[in-house]
Amino acid sequence: SLKLDVKVLEPEKNEEEWSRLFPLKLVPCFVGPDGFKLTEQLAILRYLVSLSDDESEKSRLLGKDFVERAKVLQWMSLANMDLCVTFTRANFGLTGKEPYNKKKVDAAYEDLEKIVQDYELRLKDHKYLVNDEYATLGDYLSAMIFTRVFQFLLGREWREAHPELMAWFTRVTEDPLVSFLYTDVTLCEEAVQPPTKKNSH
């Protein structure tokens with residue numbers, strides 16, 4: 001544990017203050033005790049870890065040297081942008097959050113497979129994304145985004161066909177630092193299917 005003194009608020013329940021401090025209403029957002037403000041998940045995560053007095057934990061999470069720090073940021077960025085956006089493109093078209101377009105959904109699946117291959121290429125010979133000894137923020141954020149993918153898009157059959165990725169996913173999500181986040185998580189059994197003509201309008 002980083003033992004940070006941070007209060008978490010739900011923006012919707014504090015909308016007036018949220019709108020005043022962050023007119024764009026971006027989530028997540030952060031305000032320090034001196035009024036210092038941050039938006040964007042990667043910036044906030046890195047800043048919060050930097051507040052810890054535990055230097056070894058900071059080094060573990062952010063990377064122990066400039067090469068590791070760059071690699072951690074690389075995997076965080078891939079998860080936060082490419083993986084998350086590609087998942088959203090597929091999921092929204094399949095679940096009615098936007099009109100279903102088979103061509104767009106198929107393209108999203110193709111892009112998703114390319115991203116997964118990038119993870120699997122690394123995990124073929126390594127336990128974690130940055131080194132073989134421990135998880136970093138790159139692992140934790142990637143696993144969090146993959147959780148959404150496995151909850152709301154890809155079913156058991158897909159997961160069983162990707163054993164190395166899933167072994168890494170299990171290692172990371174069972175890590176004591178983050179395992180409490182997954183106690184009530186249920187992964188979908190069946191892959192999300194395209195809407196039928198009857199319910200696609």
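Me: In what order do the elements of the protein chain run from the N terminus on?

Reply: Read from the N terminus, the protein chain of this predicted model follows the order α-β-β-α-α-α-α-α-α-α. That gives eight helices and two strands. Along the principal axes, the C-alpha atoms occupy a box of roughly 55 × 50 × 30 Å.

Me: What percentage of the residues in the protein chain is buried?

Reply: A residue is called buried when its relative accessible area is under 20%. Of the 201 residues in the protein chain, 39% are buried.

Me: How should I read the largest nonpolar core, and which residues have the most contacts inside it?

Reply: Such a core is a set of buried nonpolar residues joined through side-chain atoms within 4.5 Å. Here the largest one has 42 residues, and Tyr119, Phe146, Phe150, Leu165 and Trp168 have the most contacts inside it. At least two residues of this core come from each of α2 (41–50), α3 (55–62), α4 (66–95), α5 (102–123), α6 (137–152) and α8. Helix α4 supplies the largest share, nine residues.

Me: How many salt bridges does the structure hold, and how is one within a single helix to be read?

Reply: A salt bridge requires a side-chain nitrogen of Lys or Arg within 4 Å of a carboxyl oxygen of Asp or Glu. The structure holds 11 of them. One joins the side chains of Glu17 and Arg20, at 4.0 Å from N to O. Both residues belong to helix α1 (residues 15–21), and because they are three residues apart, about one helical turn separates them. Glu17 is partly exposed at 38% relative accessibility, whereas Arg20 is exposed at 57%.

Me: Is Glu68, which meets Lys64 in a salt bridge, buried or exposed?

Reply: The side chains of Glu68 and Lys64 meet with an N to O distance of 2.6 Å. Glu68 has a relative accessible area of 7% and is therefore buried.

Me: Which parts of the chain does the salt bridge between Asp111 and Arg89 tie together?

Reply: In this pair, the closest N and O atoms are 3.2 Å apart. Asp111 is in helix α5 and Arg89 in helix α4, so the salt bridge ties together parts that are 22 residues apart in sequence. Asp111 is partly exposed, with 27% relative accessibility, and Arg89 is likewise partly exposed, with 32%. Elsewhere, Arg156, Glu160 and Glu189 form one network through salt bridges that share partners.

Me: Which residues gather in the patch of negative charge on the surface?

Reply: To enter a patch, a residue needs over 30% relative accessible area and no salt bridge. The residues that gather in this negative patch are Asp125, Asp132, Glu133 and Glu164. Glu164 belongs to helix α8 (residues 163–173). Its relative accessibility is 36%, which means that Glu164 is partly exposed.

Me: How far apart in sequence and in space are Lys58 and Glu164?

Reply: Separation along the chain and separation in space are to be read as two values. Lys58 and Glu164 are 106 residues apart in sequence, and their C-alpha atoms are 27 Å apart. Lys58 has its place in helix α3. With 16% relative accessibility, Lys58 counts as buried, while Glu164, as noted, is partly exposed.

Technical notes. Residues are numbered from 1 along each chain as its sequence is written. This is a predicted model: local features need pLDDT of at least 70, side-chain atom pairs count only at pLDDT 80 or more; totals for chains, interfaces and linings use all residues. Side-chain values use heavy atoms; hydrogens and water are left out. Patches are made of residues with over 30% relative accessible area and no salt bridge: like charges are joined within 9 Å, nonpolar side chains (Val, Leu, Ile, Met, Phe, Trp, Tyr) within 5 Å. Accessible areas come from the Shrake-Rupley method with a 1.4 Å probe; for residues, only the protein chains shown count as cover. Lys and Arg count as positive and Asp and Glu as negative; His and the chain ends are not counted. The place of a charge is taken as NZ of Lys, CZ of Arg, CG of Asp or CD of Glu. Helices (H or I, at least four residues) and strands (E, at least two) are DSSP runs, numbered from the N terminus. Buried means under 20% relative accessible area, exposed over 50%, partly exposed in between (1.4 Å probe, protein chains only).
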